[in-house]
Amino acid sequence: MKLGLEREFLLEGMRSPEILEFGLSGVTGEFFDNIIELVTGVHDSSSGAVAELDSIASALTARGVRFHPFASCAAEEPSDMASFDRVTGTSEYYRWVYCV
């Protein structure tokens, strides 16, 4: 079996555009600028995928990135991405659901 993992983190004190400037593989922006997503490659085992997620997270924390366990997106604006504009353009409901 092959698998990959994703994990989203709320940020404390930084925004995703700043973090994306690091150019680290496996780090992408998300719907709001206070969220990043870590994405692994394809692995043969869950332990390999988890180890890659840990490695990416460690590389970010070594650069001063802090993950916030209780951050909220309620006061955030969506990231400036065309794909997200298509979602929020259809209904404010999508933004509300994402923040709950």
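Asp54 is found in helix H2. At 47% relative accessibility, this aspartate counts as partly exposed. Its C-alpha atom is separated by 10.0 Å from that of Thr40, a residue 14 positions away along the chain. The model discussed here is a predicted one.

## Overall layout

The protein has four helices and four strands. Read from the N terminus, its elements follow the order β-α-β-β-α-β-α-α. The protein has 100 residues, and buried ones make up 31% of them. Contacts with a sequence separation of 6 or more were also sorted by distance along the chain: residues 24 or more positions apart account for 63% of them.

## The sheet

The four strands form an open sheet in the order E2-E3-E1-E4, with antiparallel pairing. Strand E2 (27-29) and strand E4 (66-67) stand at the edges. Each has a single partner strand, so one side of each is left without a neighbour in the sheet.

The pairings are listed below, each with a residue pair that stands opposite across the strands.

| Strand pair | Bridges | Opposite residues |
|---|---|---|
| E1 and E3 | five bridges | Phe9 and Ile36 |
| E2 and E3 | three bridges | Thr28 and Glu37 |
| E1 and E4 | two bridges | Leu11 and Phe67 |

The pairing of E1 with E3 runs in the antiparallel sense. Besides Phe9, which stands opposite Ile36 in E3, Glu6 stands opposite Val39 in E3. E2 also pairs with E3 in the antiparallel sense. A hairpin of five residues joins E2 to E3. On the other flank, E1 and E4 pair in the antiparallel sense.

How many of the residues of E3 are buried? Four of its five are, and the strand is mostly covered.

Leu10 lies in strand E1. This leucine is partly exposed, with a relative accessible area of 23%. The cut-off matters here: buried means under 20% relative accessible area, so Leu10 does not count as buried. The C-alpha atoms of Leu10 and Asn34 are separated by 5.7 Å, although the two residues are 24 residues apart along the chain.

## Helix H2 and the core

Helix H2 lies across E1, E2, E3 and E4. Relative to E3, the helix runs at about 140 degrees.

The largest nonpolar core has 12 residues. Its members are Phe9, Leu11, Met14, Ile19, Val27, Ile36, Leu38, Leu53, Ile56, Ala57, Leu60 and Val65. Three elements each supply at least two residues of this core: strand E1 (6-12), strand E3 (35-39) and helix H2 (46-62). Which element gives the largest share of this core? H2 does, with four residues.

Two residues opposite each other in the sheet, Phe9 and Ile36, both belong to this core. Leu11 is a core member too, and Leu11 stands opposite Phe67 in E4.

Ile56 is another member of the core. Leaving aside residues up to four places away in sequence, Ile56 touches Ser25, Gly26, Val27, Leu38 and Val39. Among these contacts, Val27 and Leu38 are listed in the core as well.

## Helix H1 and Ser16

Ser16 is found in helix H1 (residues 16-20). Is Ser16 buried or exposed? Ser16 is buried, with a relative accessible area of 2%. Buried means under 20%, so the serine falls on that side of the cut-off.

Which residues does Ser16 touch, not counting those up to four places away in sequence? They are Leu11, Gly29, Phe32, Asp33, Ile35 and Ile36. Of these, Leu11 and Ile36 appear in the core list.

## Aromatic rings

A search of the whole structure finds one aromatic pair. A ring also takes part in a contact with a charge. The charged end of Arg63 sits over the ring of Phe22. The distance to the centre of that ring is 5.9 Å.

Note on methods
Residues numbered from 1 in each chain as written. Predicted model: local features only at pLDDT ≥ 70, side-chain atom pairs only at ≥ 80, totals over all residues. Heavy atoms only, no water. Core = buried A, V, L, I, M, F, W, Y, C linked by side-chain atoms within 4.5 Å. Buried < 20%, exposed > 50% of the residue type's maximum accessible area, 1.4 Å probe, protein only. Contact = heavy atoms within 4.5 Å. Pairing = 2+ DSSP bridges. Axes fitted to C-alpha atoms, helices over the stretch in contact; angles between N-to-C directions. Phe/Tyr/Trp six-rings, centres within 6.5 Å; stacked < 30°, edge-to-face > 60°. Lys NZ or Arg CZ within 6 Å of the ring centre and 35° of its normal.
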